[in-house]
Amino acid sequence: MLRPLGMSVTHYSCLELLAQRPGLSNSDLARGAFVTRQTMNVLLQALERDGYVTRPAAAPVGKTLPTRLTPRGRRSLEKASAAVRSVEARMLAGLTETEQSDAFRTLQSMIHSLRGDNEGA
């Protein structure tokens, strides 16, 4: 559903993470989006080139280049988030409140498994 917006799920995840936590590093973004640092670096280069994010030319501290959304990136995220909310509403429409809670719990467990922690298991 994000494809008509010209956005992959990883692209959306990156923008969403930056909206929640401005200044994240490439490594932090890669972990949050469940991709390799190399994959995230390629995405960040494209997002920066296209004006969705900005990074300093040189790292202010160490080697980390903190990434921030631009106004264009925020607008793009707002449109994508609306599309995501629409899909979520359609997915959940046929479920009872209990089924929705069960599905949420299952998804949380899957996220914890992907992260390598067993808190959700």
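**A friendly note on this predicted model**

1. A good place to begin is Phe34: its relative accessibility is 40%, so this residue counts as partly exposed. Please keep in mind that the model is predicted. As you scroll to the residue, look for the loop between helix 2 and helix 3, where Phe34 is found.

2. While you are there, have a look at the backbone of Phe34. Its phi is near 60°, a positive value in a residue that is not glycine. As background, most residues other than glycine have a negative phi. What does Phe34 have around it on the two sides of the loop? Helix 2 and helix 3 are the elements that the loop joins, and they are taken up again in point 4.

3. Now for the overall picture. The protein has five helices and two strands, and from the N terminus on these elements follow the order α-α-α-β-β-α-α. The C-alpha trace spans about 50 × 35 × 20 Å along its principal axes. Of the 121 residues in the protein, 26% are buried. Among contacts between residues at least 6 apart in sequence, 45% join residues at least 24 apart.

4. How do helix 2 and helix 3 pack? Helix 2 covers residues 26-33 and helix 3 covers residues 37-49; the angle between them is about 110°, and their axes are 8 Å apart. Angles of 65 to 115 degrees count as roughly perpendicular, and helix 2 and helix 3 are therefore roughly perpendicular to each other. On the helix 2 side, the contact is made by Asn26, Ser27, Leu29, Ala30 and Ala33, while helix 3 brings Arg37, Met40, Asn41 and Leu44. These contact residues divide into five nonpolar, three polar and one charged.

5. Met40 deserves a closer look. This residue lies in helix 3 and has 0% relative accessibility, so Met40 counts as buried. Which residues is Met40 in contact with, leaving aside neighbours within four places in sequence? They are Thr10, Cys14, Asn26, Leu29, Ala30, Ala33 and Val35. Cys14 is 26 residues away from Met40 along the chain, and the C-alpha atoms of the two are separated by 8.4 Å.

6. Is Asp28 buried or partly exposed? Asp28 lies in helix 2, and because its relative accessibility is 30%, Asp28 counts as partly exposed. Its C-alpha atom is separated by 9.2 Å from that of Leu17, which is 11 residues away along the chain.

7. Finally, a word on the rings. There are zero aromatic pairs in the structure. A ring does take part in another arrangement, though: the charged end of Arg72 sits over the ring of Tyr52, at 4.6 Å from the ring centre. If you would like one last view to try, bring up Tyr52 together with Arg72 and look at the charged end over the ring.

Note on methods
Residues numbered from 1 in each chain as written. Predicted model: local features only at pLDDT ≥ 70, side-chain atom pairs only at ≥ 80, totals over all residues. Heavy atoms only, no water. Axes fitted to C-alpha atoms, helices over the stretch in contact; angles between N-to-C directions. Helix = DSSP H or I, 4+ residues; strand = E, 2+ residues; numbered from the N terminus. Parallel < 35°, antiparallel > 145°, perpendicular 65-115°, else oblique. Contact = heavy atoms within 4.5 Å. Nonpolar A, V, L, I, M, F, W, Y, C, P; charged D, E, K, R; others polar. Phe/Tyr/Trp six-rings, centres within 6.5 Å; stacked < 30°, edge-to-face > 60°. Lys NZ or Arg CZ within 6 Å of the ring centre and 35° of its normal. Buried < 20%, exposed > 50% of the residue type's maximum accessible area, 1.4 Å probe, protein only.
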